[in-house]
Amino acid sequence: MNQEELNHKLNSTGKGCFVRYFGLFEDFGLSNSEVAKMISNENNYSPQSCLTRVSNARSIINSGCSKRALEIVLKSNASSKTRKRATQLIESLFISEDNDHGIHKKPYHAVFKMPTVSKISSRTSSITNAFINAVVPVIYPDEGEIRQALNILEIKPENVTCSYCGDKATEWDHLRALVKDQRPTGYISEIRNLVPACGKCNQSKGNKPWKEWMTGEAKLSPASRRIPRLQERIIKLEKYEQWGNVKRIDIGALAGNDLWEKHWENWALILDYMKDAQHLAEIIRHKIDQSST
Ligand SMILES: [Zn+2]
């Protein structure tokens, strides 16, 4: 709402009226005519005038201009009582928080976070991971290997914790990633390439090299979460790497050229479809935005 429009709506509501009945205007559990009736009972305004005031005041509040409107009242020649009330109302538009440094004020926007709107085409890395996971060999460990793995990491079998951060482990994570530059690295799913991890670490690490990630500032990385005894954990993981001594395999060569090419043709087709689908989704969203404003 531009300044001129705001001034107009505020003046049609009446500055005193806007401030005095702000609580009623803001209470959207009450209909316009209910609020108008309450105002009309306390004043000599005509019923029609009351309805106009309610609708103008609510249009100010609905468009997020309450603070600006109250600031106009503050700077106007309204009565001191009205201006005092406007100051109090401005205060109430913020959240007061007690902390060590006294009372801290923050806007309501600070407590809201819109879920990320993900694009269809931004899912491409999940598709690539799936295409690689689907062909990578999976070798189940025997009991001795599991025992040995936990032993090297100094993790108690009755309380399996994350090798990266020490939280409760919920899964085993590929220490060396399976995917790099949208192709298999040649590492596979075998215990010598897997370590217990928590969901937070697994998600944050993604396909990054483990040591760089642990000590780097990626969101939720152990270093950025200030996890204690990081160096100790790194040394254990280095020992694990030595124990594993895993070799890469050439998955493409093992599959044979024809099959391997076909596999990546499928991948490219799906990615193209996703791009087209995203384009169409944007057209749909644009059309909906246009019709709802
Ligand atoms: Zn962790």
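Visitor: What percentage of the 293 residues in the chain is buried?

Guide: This is a predicted model: local features need pLDDT of at least 70, side-chain atom pairs count only at pLDDT 80 or more, and totals for chains, interfaces and linings use all residues. Residues are numbered from 1 along each chain as its sequence is written. A residue is buried if 20 or more other C-beta atoms, placed from the backbone, lie within 10 Å of its own, exposed if 12 or fewer, and partly exposed in between. Of the 293 residues in the chain, the buried share is 20%.

Visitor: What radius of gyration does the chain have?

Guide: The radius is taken over C-alpha atoms, and the globule rule is 2.2 Å times the number of residues to the power 0.38. For a compact globule of 293 residues, that gives a value near 19 Å. The C-alpha atoms fill a box of roughly 90 × 50 × 30 Å along the principal axes. The chain itself has 31 Å.

Visitor: How many helices and how many strands are there?

Guide: Both are DSSP runs, numbered from the N terminus: helices are H or I with at least four residues, strands are E with at least two. The chain has helices and strands in these numbers: 14 and six.

Visitor: Which helix supplies the largest share of the largest nonpolar core?

Guide: A nonpolar core is a set of buried Ala, Val, Leu, Ile, Met, Phe, Trp, Tyr and Cys residues joined through C-beta atoms within 7 Å. The largest one has 20 residues, and Phe18, Val19 and Phe22 are among those with the most contacts inside it. Helices α2 (15-20), α3 (22-26), α4 (32-42), α5 (47-62), α6 (66-75) and α7 (80-92) each supply at least two residues of this core. The largest share, four residues, comes from α5.

Visitor: Which residues does valine 19 touch, not counting those up to four places away in sequence?

Guide: Two residues are in contact if their C-beta atoms, placed from the backbone, lie within 7 Å. With residues up to four places away left out, valine 19 touches Val73, Thr82, Arg85, Ala86 and Leu89.

Visitor: Are α1 and α6 roughly parallel or roughly perpendicular?

Guide: Axes are lines fitted to C-alpha atoms, for helices over the stretch in contact, and angles run from 0 to 180 degrees between N-to-C directions. Helix α1 (residues 3-13) and α6 pack at about 70°, with axes 11 Å apart. Angles under 35 degrees count as roughly parallel, over 145 as roughly antiparallel, 65 to 115 as roughly perpendicular and the rest as oblique. So α1 to α6 is roughly perpendicular.

Visitor: Which residues of α1 and α6 make the contact?

Guide: A crossing is right-handed if the near helix is turned clockwise from the far one by less than a right angle, left-handed if anticlockwise. That of α1 and α6 is right-handed. Its contact is made by Leu6, Asn7 and Leu10 of α1 and, from α6, Arg68, Ala69 and Ile72.

Visitor: How are α4 and α5 oriented to each other?

Guide: Their axes come within 8 Å and cross at roughly 125°. The crossing is right-handed. Among the contact residues are Val35 and Ile39 of α4 and Leu51 and Val54 of α5. The orientation of α4 and α5 is therefore oblique.

Visitor: Is aspartate 276 buried or exposed?

Guide: Aspartate 276 is found in helix α14 (residues 257-292). The residue lies 61 Å from asparagine 43, C-alpha to C-alpha. Because there are 11 C-beta neighbours inside 10 Å, aspartate 276 counts as exposed.
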